[in-house]
Amino acid sequence: MKVLLISNDAGGFAEHVELTEGMTVQQLFEKQIGPLKAGNYLIRVNRQPAAADQLLCDGDRVSFTPLKIEGAN
């Protein structure tokens with residue numbers, strides 16, 4: 001299945017990514033962002049806040065937006 005991933009970290013980008021069926025928001029975050037703390041990000045699926053255990057579906061629009069920008073006061 002494919003989802004549109006929008007990452008507003010490091011300048012931002014959007015790309016279609018291929019995922020396995022049954023992947024959760026948490027698994028995608030760990031795969032794309034890595035060991036960073038998910039609590040430091042606003043995570044949305046189809047423009048709505050998402051739970052970590054939410055299953056992703058083909059065609060979903062997922063965004064990861066940092067709550068704090070490095071260097072900002």
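With which residues is T24 in contact, leaving aside its neighbours within four places in sequence? In this predicted model, the residues in contact with T24 on that basis are A52, D53, Q54, L55 and L56. T24 itself belongs to the loop between β2 and α1. Its relative accessibility is 15%, and T24 therefore counts as buried.

The confidence of the prediction may be stated at the outset. The average pLDDT of the chain is 87, and 88% of the residues score at least 70. Among the elements of the chain, the lowest mean pLDDT, 90, belongs to strand β2 (residues 13-18), and the highest, 96, to strand β4 (residues 48-49).

The strands are arranged in an open sheet of five, in the order β2-β1-β5-β3-β4 and with mixed pairing. The edges of this sheet are formed by β2 and β4, each of which pairs on one side only. In general, the strands of a sheet pair through backbone hydrogen bonds, in either the parallel or the antiparallel sense. The pairing of β3 with β4 is antiparallel and extends over two bridges. Within this part of the sheet, V45 is placed opposite Q48 of β4.

The loop between β3 and β4 contains two residues with positive phi. Most residues other than glycine have a negative phi. N46, in the loop between β3 and β4, nevertheless has a phi near 55 degrees, a positive value in a residue other than glycine. R47 is found in the loop between β3 and β4 as well, and its phi is also positive, at about 70 degrees, although R47 is not a glycine. As to accessibility, N46 has a relative value of 39% and so counts as partly exposed, whereas R47, with 59%, counts as exposed. A further positive phi, of about 95 degrees, is taken by G34 just after α1.

Attention may now be turned to the helix and the face that it presents to the sheet. The buried residues V25, L28 and F29 are located in α1. Viewed down the axis of α1, the buried residues fall within an arc of 100 degrees, and they therefore line one face of the helix. This accords with a general property: an α-helix has 3.6 residues a turn, so residues three or four places apart point the same way. The buried residues of α1 pack against β1, β3 and β5.

Nonpolar side chains tend to be buried together in soluble globular proteins. The largest nonpolar core of the model has 16 residues, and those with the most contacts inside it are L19, L28, L56, V62 and F64. At least two residues of this core are supplied by each of β1 (2-7), α1, β3 and β5. L28 is in contact with V3, L5, L19, M23, L56, V62 and F64, leaving aside its neighbours within four places in sequence.

The aromatic residues were examined next. A pair of aromatic rings is described by the distance of the centres and the angle of the planes. Two aromatic pairs are counted. In the pair of F29 and Y41, the ring centres are 5.2 Å apart and the planes stand at 70 degrees; because an angle over 60 degrees counts as edge-to-face, the pair is assigned to that class. F29 is part of helix α1 (residues 25-32) and Y41 of strand β3 (residues 41-45), so this pair ties together parts that are 12 residues apart in sequence. Both F29 and Y41 are buried. For F29 and F64, the ring centres are likewise 5.2 Å apart, with the planes at 90 degrees, so this pair is edge-to-face. F29 lies in α1 and F64 in strand β5 (residues 61-66), so the pair ties together parts that are 35 residues apart in sequence. F64 is buried, as is F29. Taken together, F29, Y41 and F64 constitute one aromatic cluster.

Beside F64 in the sequence, S63 also has its place in strand β5. The relative accessible area of S63 is 13%, and S63 is therefore buried. When residues up to four places away in sequence are not counted, S63 touches I6, L42, I43 and R44.

Key: Residues are numbered from 1 along each chain as its sequence is written. This is a predicted model: local features need pLDDT of at least 70, side-chain atom pairs count only at pLDDT 80 or more; totals for chains, interfaces and linings use all residues. Side-chain values use heavy atoms; hydrogens and water are left out. Rings of Phe, Tyr and Trp (its six-membered ring) pair if their centres lie within 6.5 Å; planes under 30 degrees apart count as stacked, over 60 as edge-to-face and the rest as tilted. Helices (H or I, at least four residues) and strands (E, at least two) are DSSP runs, numbered from the N terminus. Buried means under 20% relative accessible area, exposed over 50%, partly exposed in between (1.4 Å probe, protein chains only). A nonpolar core is a set of buried Ala, Val, Leu, Ile, Met, Phe, Trp, Tyr and Cys residues joined through side-chain atoms within 4.5 Å. Contact means heavy atoms within 4.5 Å. The arc is that of the directions from the helix axis to the C-beta atoms. pLDDT is the predictor's confidence in each residue, from 0 to 100. Two strands pair if DSSP finds at least two bridges between them.
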